[in-house]
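Here are some notes to go with the structure, written for someone opening it cold. Have it on screen and follow the points in order.

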Amino acid sequence: MQCHHYDAARCRSCTLLAQPYPTQLADKQRHCAELLAPLAPDLRWLPPVESAESGFRNKAKMVVTGTVEEPVLGILAENGGVDLTDCPLYPAALQESFGPLADLVTRARLVPYDVRARRGELKYVLVTLSPDGDLMARFVLRSTESVPRIRKHLPALLAAIPALRVVSANIHPEHKAVVEGETELLLTETQTLRMTVNDVDLHLRPQSFFQTNTDVAAALYRQGRAWVDDAAPASVWDLYCGVGGFALHVAGPDRDVVGVETSAEAVASARLTAHDAGLDRTTFLAQDATAFALAQTQDARPDLVVVNPPRRGIGETLSTWLEESDVRHVVYSSCNATSLARDLALMPSLRPREARVLDMFPHTGHYEVAVLLERA
């Protein structure tokens, strides 16, 4: 992929862009295989899942700099903001939304936040694109002071971006290296963005996490579903379930599925999808995954557990619980092979049988890896 921002050294977020894509993918496969080889010398590797090299991102996190009259949407650099509205990672539908969003900044008099001076109102504009071409836009503000002005100009924004379905204001008053705050004010009647992934209509609320690469996420869920269906469990837990991607892909009328996630917003999204799909035997709980597992009786333990933790992994406590349980299979989806290897070392009775690298993050050193574990 050619990027004029990278070539001009304005943005180097894609740290591996100078490498040919096949080399990037081969290096990720090799890195993961070397980490897991001491733990599973007989591990069967499925072919890696490639990504499109450009236009694959479904979400834009745009730092807002510049002035009210000339806002800049992009990233923050030493000498100010860098306009990334034409970043080749974004598909056309995202790129085309940035102009009208910048126009609203001007019309609603949203003063861009000056990080050094700690002055201003608007920190970020976050935009998410669904597979159907619908959009969700979020304005991350320091206070509610400008929300009435956004509401006033919202009809014009919706007219300028016909695919825009959900608009919200996130209130983040603190000067912290965190993208968003806890308070979310929905400004549209529609509250969720429908994300059709494979044959599942997921609902994404403004504060819900979803993978940034929809096509590779779809492949990840298909792989998880294939492993689960082959194991044919009567009961499944999906721990760190997010909006229910794995849980909803493996759910069915003859299977009890429980999804557990700390984010109440994500759980609300997952429950809505389950309700729409008529999945009466699928339940979602807003709880800590480890605490949930430890609190269950022997009779309540499932046949199979899916875990999809953040980069830190599932940790010693949950790994030890799984090792000492009678759970027959585990599907472990990881975005950090180092923490994955550390967790697997704590579960020697659960042997890795198959694994697959999925290139969720092209042009960077990051990737997703899914592993099927079976009790020896």
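**Notes on helices, a pocket and some odd backbone angles**

1. Start with the outward side of a helix: Pro22 and Glu34 are exposed, on the other side of α2 from its buried residues. Keep in mind as you read that this is a predicted model.

2. Now turn α2 round. Its buried residues are Tyr21, Gln24, Leu25, Lys28, Gln29, Cys32 and Leu36. These sit on the same side of α2 because they cover an arc of only 130° around the axis. As for what lies over them, the cover includes β1 (44-45), α10 (337-345), β16 (350-358) and β17 (368-375).

3. A quick check on the length of α2 (residues 21-36): with 16 residues at 1.5 Å a residue, the helix should span 22 Å. Its end C-alpha atoms are 23 Å apart, which agrees.

4. Next, α3 (residues 92-107), which also has 16 residues. From first C-alpha to last, α3 reaches 24 Å, close to the 22 Å expected at 1.5 Å a residue. Buried here are Leu94, Ser97, Phe98, Pro100, Leu101, Ala102, Leu104 and Val105. They pack against four strands and a helix, namely β2, β3 (71-77), β5, β6 (135-141) and α4 (147-160). Look just past the end of α3 too, where Arg109 takes a positive phi of about 55°.

5. Two of those strands turn up again at a pocket. The second largest pocket has a volume of about 220 Å³, and 13 residues line it. Nearest its centre are Tyr113, Val115, Lys123, Tyr124 and Lys176. Both β2 (59-66) and β5 (122-129) supply at least two lining residues each, with the largest share, three residues, coming from β2. Sorted by class, the lining has eight nonpolar, two polar and three charged residues.

6. Which residues other than glycine have a positive phi? Asn198 is one of them, with phi near 55°. You'll find Asn198 in the loop between β9 (193-197) and β10 (200-204). With a relative accessible area of 29%, Asn198 is partly exposed, since that value falls between the 20% and 50% cut-offs.

7. Tyr240 is another: it isn't a glycine, yet its phi is positive, about 60°. This one also sits in a loop, between β11 (235-239) and α6 (245-250). Is Tyr240 buried or exposed? Its relative accessibility is 15%, so Tyr240 counts as buried, the cut-off being under 20%.

8. Then take a look at Ala274, in helix α7 (residues 264-277). Ala274 is buried, with a relative accessible area of 5%. Leaving aside residues up to four places away in sequence, Ala274 touches Leu248, Leu279 and Phe284. For a sense of scale, Ala274 and Gly74 are 200 residues apart along the chain, and their C-alpha atoms are separated by 36 Å.

9. Last, Asp230, which belongs to helix α5 (residues 214-231). Asp230 has a relative accessible area of 67% and is therefore exposed, the cut-off being over 50%. Between Asp230 and Ala108 there are 54 Å in space, C-alpha to C-alpha, for a separation of 122 residues in sequence.

Key. Residues numbered from 1 in each chain as written. Predicted model: local features only at pLDDT ≥ 70, side-chain atom pairs only at ≥ 80, totals over all residues. Heavy atoms only, no water. 1 Å grid on protein atoms, 1.4 Å probe; cavity = no way out; pocket = protein on both sides within 12 Å on 5 of 7 lines; lining within 4 Å. Points joined across faces, edges and corners; volume = space filled by probe spheres on them. Nonpolar A, V, L, I, M, F, W, Y, C, P; charged D, E, K, R; others polar. Expected span 1.5 Å × (residues − 1). Buried < 20%, exposed > 50% of the residue type's maximum accessible area, 1.4 Å probe, protein only. Arc of directions from axis to C-beta. Contact = heavy atoms within 4.5 Å.
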